[in-house]
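Thanks, everyone. Please have the structure open on your screens. I'll talk about how its helices and strands fit together.

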Amino acid sequence: MLEASGEREHVARVRRVRAALRRRWGTDDRGRTAWGRGRIAAAVAAAVAAVTALHSLVPNALLGLGSLLETFLPWTGLAVPVLLAVALLRRSALALVALLLPTAVWLGLFHGALAGTAPEPAPGAARLTVVQHNVGDVNPGPRAAARTLAGAGPDLVALQEVVPATRSAYETELAPDLPHHAVVGTVGLWSRYPLTDVRQLDIRPPGIGPDWNRGLRATVRTPHGGITVHVVHLPSVRVRAGGFDTERRDESAKLLGAALRAEESPRVLVLGDLNAPLDDRGLDPVLDRLDPLDEAAADGFAFSWPASFPVARIDHVLARGATVTRLRTLPATGSDHLPVVARVAVPS
């Protein structure tokens, strides 16, 4: 008897829930069903999915929109919770199903950064800790910044915007653990191991004077063999009346790509402020000359700029003949960039 009573109560509860759902998700006062409402939200979801998946087809000729979109590509995922809220408010089954499109596309592109599963280094590979940082030419605390970088226990530190007023501070603070260093123009490399073949790397875009020196090439003589290191700082992008201007950065990236193409060393690192995330097509000439990238090496997205509220990673540790197995950011140093620290596995 009690069993039958409990069953009747369960059936009654199920009916009440169904009735509530019908009232909530059934036909509205204009005669539209849950599959007929929310068509605009569904169309927006489909558009977000298409733009995210086909970002490389968005033309740069139109106000530089292609590179602008690619700079903030991970943030397209924010459209999903917004559209989810709209779908629930509109009681639209159509919009809810349409949300599967941008969700699947976004996860397909960025699941590695969320999972943070680092690639396995080759057996017997040597491991280096590498720090990349644009220290800022007006950094109010260069000594403290250098101590933050040294605290990561690096084997190599690449710096941009090293100016005469702050250079001695970096030399003094980094010297105990990184006694070998070279500075060319405003870029520098500090190393635990000896440096040879140090020279300027000319990545100067047309129309810029000879005093613009933002490239350095050196060979690091590690106990596991030589590694060629390029330290670079590509030109900044600008938002102008004509749109998102990446011309000089892209020209500099082409010069860097040409230098990498001519580079005969089997093991190469590129450390720099490239003023672009890896999704930006402007970096294609560089990335085409390096090993395929695994974003899963990042600890999250490791956004490095701006330091106050990072929205993009424009500071990079890239490799050829080596593997970046972990990448994360360090605390702010007074620069408008966060430092990036990477673990690099180098085959012996």
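Start with α2 and helix α6, residues 100-115. Their axes are 8 Å apart, and they pack at an angle of about 20°. Remember that this is a predicted model. Are these two helices roughly parallel or roughly antiparallel? Angles under 35 degrees count as roughly parallel. So α2 and α6 are roughly parallel to each other. Their crossing is left-handed.

Now look at who touches whom. From α2, the contact uses Ala45, Ala46, Val48, Ala49, Thr52 and Ala53. From α6, Leu101, Pro102, Val105 and Leu109 take part. Sort the residues of this contact by class, and you get 9 nonpolar, 1 polar and no charged.

Stay with α2, but turn to another partner. Helix α2 covers residues 39-53, and helix α4 covers residues 79-90. The axes of these two come within 10 Å. They cross at roughly 165°. That angle makes α2 roughly antiparallel to α4, because angles over 145 degrees count that way. The crossing of α2 and α4 is left-handed.

Which residues make this contact? On α2, they are Ala41, Val44, Ala45 and Val48. On α4, they are Ala79, Leu83 and Val86. By class, the contact of α2 with α4 has 7 nonpolar residues, no polar ones and no charged ones. Notice Ala45 and Val48 of α2. They appear in the contact with α4, and they also appear in the contact with α6.

On to the strands. Here is some background. Strands of a sheet pair through backbone hydrogen bonds, either parallel or antiparallel.

In this model there is an open sheet of 5 strands. What is the strand order? Read it as β5-β6-β7-β10-β11, with mixed pairing. The edge strands are β5, residues 195-200, and β11, residues 315-320. Each of these edge strands pairs on one side only. On average, neighbouring strands of this sheet are turned by 15° against each other, direction ignored.

Zoom in on one pair. Strand β10 spans residues 268-273, and 6 bridges join it to β11. These two strands run antiparallel. Find Leu271, and you will see it opposite Val317 in β11.

Last stop: a helix on this sheet. Helix α9, residues 247-262, lies across β7, β10 and β11. Strand β7 itself covers residues 225-233. Relative to β10, α9 runs at about 165°.

That's my tour. Thank you.

Key
Residues numbered from 1 in each chain as written. Predicted model: local features only at pLDDT ≥ 70, side-chain atom pairs only at ≥ 80, totals over all residues. Heavy atoms only, no water. Pairing = 2+ DSSP bridges. Helix = DSSP H or I, 4+ residues; strand = E, 2+ residues; numbered from the N terminus. Axes fitted to C-alpha atoms, helices over the stretch in contact; angles between N-to-C directions. Contact = heavy atoms within 4.5 Å. Parallel < 35°, antiparallel > 145°, perpendicular 65-115°, else oblique. Left-handed = near helix turned anticlockwise from the far one by under 90°. Nonpolar A, V, L, I, M, F, W, Y, C, P; charged D, E, K, R; others polar.
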